[in-house]
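Got the viewer open? Here is a short tour, stop by stop, with something to select at each one.

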Amino acid sequence: MLYRVIIGNYRSFGEEQEFNMFPNMRRDNFSHHIYHAESLPVLKETAIYGANGSGKSNFVKALAFIERFSTEISSHDKLWQKNWYLENRFRLPVFEGNKPVGILLEFGLESVVFIYHVEIGENGVA
């Protein structure tokens, strides 16, 4: 089960943005939308919506990249990593510095929680 995704300096995501499946426990309506997995309550479902150009496709591309990076791409290929970074970093002039692209994925599998975090900068995987 997907718990959280944090994306920063990637395509249309300049500052870190977080998508998570954690409910607001201060609200008592819609409690039937909450799944109590072990001791961690999570939403049963969610939706991603927004205006054109708001980053929905880039969110999906970030997830696809994490999957591909963790299963297919060699972490020793520094030239590929530098080229990928230069093509996929947030490039608007408002953003300062050469901050690495960061993608964090938190998920659960059979009662075990995993956190997978990748940062790629000009010098490769950080």
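## The whole chain

Start with a cartoon view and trace the chain from its N terminus: the order of elements is β-β-β-β-α-α-β-β-β. That gives 2 helices and 7 strands in the protein chain. Keep in mind throughout that this is a predicted model.

Now zoom out and turn the C-alpha trace along its principal axes, where the span is about 50 × 35 × 20 Å. The chain has 126 residues, and 33% of them are buried. Switch on a surface and you are looking at about 8,700 Å² of exposed area, with carbon and sulfur atoms supplying 51% of it. If you draw the contacts between residues at least 6 apart in sequence, 51% of them join residues at least 24 apart.

## Stop one: Phe65

Select helix H1, which runs from 56 to 71, and pick out Phe65 within this helix. Is Phe65 buried or exposed? Its relative accessibility is 6%, and the cut-off for buried is under 20%, so Phe65 counts as buried.

Next, show what surrounds this side chain. Setting aside neighbours within four places in sequence, Phe65 is in contact with Ile73, Trp80, Trp84, Ile103 and Ile120. For one of these partners, try a distance label: the C-alpha atoms of Phe65 and Ile103 are 9.2 Å apart, though the two residues are separated by 38 positions in sequence.

## Stop two: the rings

Turn on side chains for every Phe, Tyr and Trp. Across the whole structure, a search picks up 8 aromatic pairs. Go to Phe65 and Phe69: their ring centres are 5.5 Å apart and the planes meet at 35 degrees, so this pair is tilted. Both residues sit in helix H1, 4 residues apart, which is about one turn of the helix. Phe65 and Phe69 are both buried.

Now swing over to Trp84. How are the rings of Phe65 and Trp84 arranged? Their centres lie 4.1 Å apart with the planes at 20 degrees, so the pair is stacked. Here the pair links distant parts of the chain, with Phe65 in helix H1 and Trp84 in helix H2 (residues 78–88), 19 residues apart. Colour by accessibility and Trp84 shows up as buried, at a relative accessible area of 10%.

To see the wider group, select Tyr10, Phe65, Phe69, Trp80 and Trp84 together: ring pairs link these residues into a cluster.

## Stop three: Trp80

Stay with that cluster and centre on Trp80, which has its place in helix H2. Trp80 counts as partly exposed, with a relative accessibility of 24%. Beyond its neighbours within four places in sequence, Trp80 is in contact with Phe65, Arg68 and Ile73. Add a label from Trp80 to Ile120 as well: C-alpha to C-alpha they are 11 Å apart in space, with their positions 40 residues apart in sequence.

## Stop four: the loop between E1 and E2

Next, select Asn9 and Arg11 and check their backbone angles. Most residues other than glycine have a negative phi. Asn9 has a positive phi of about 60 degrees although it is not a glycine, and Arg11 has a positive phi of about 50 degrees, again without being a glycine. Asn9 lies in the loop between E1 and E2, and Arg11 lies in the loop between E1 and E2 too.

Which of the two labels, buried or partly exposed, goes with each residue? Asn9 counts as buried at 1% relative accessibility, while Arg11 counts as partly exposed at 33%.

## Last stop: the largest pocket

Rolling a probe the size of a water molecule over the atoms shows where empty space is left. The largest pocket holds about 230 Å³ of space. To light up its lining, select Val5, Ile7, Phe13, Gln17, Glu18, Phe19, Ile48, Tyr49, Ser54, Gly55, Lys56 and Phe59.

Colour that selection by class and you get 7 nonpolar, 3 polar and 2 charged residues. Then colour by element instead: strand E1 (2–8), strand E2 (17–20) and helix H1 (56–71) each supply at least two lining residues. Which element gives the largest share of the lining? That would be E2, with 3 residues.

Methods
Residues are numbered from 1 along each chain as its sequence is written. This is a predicted model: local features need pLDDT of at least 70, side-chain atom pairs count only at pLDDT 80 or more; totals for chains, interfaces and linings use all residues. Side-chain values use heavy atoms; hydrogens and water are left out. On a 1 Å grid over the protein atoms alone, a cavity is a set of points where a 1.4 Å probe fits but cannot get out, and a pocket is an open set with protein on both sides within 12 Å along at least five of seven lines; lining residues have an atom within 4 Å of a point. Grid points are joined across faces, edges and corners, and a volume is the space filled by probe spheres set on the points. Ala, Val, Leu, Ile, Met, Phe, Trp, Tyr, Cys and Pro count as nonpolar, Asp, Glu, Lys and Arg as charged, and the others, Gly among them, as polar. Rings of Phe, Tyr and Trp (its six-membered ring) pair if their centres lie within 6.5 Å; planes under 30 degrees apart count as stacked, over 60 as edge-to-face and the rest as tilted. Buried means under 20% relative accessible area, exposed over 50%, partly exposed in between (1.4 Å probe, protein chains only). Contact means heavy atoms within 4.5 Å. Accessible areas come from the Shrake-Rupley method with a 1.4 Å probe; for residues, only the protein chains shown count as cover.
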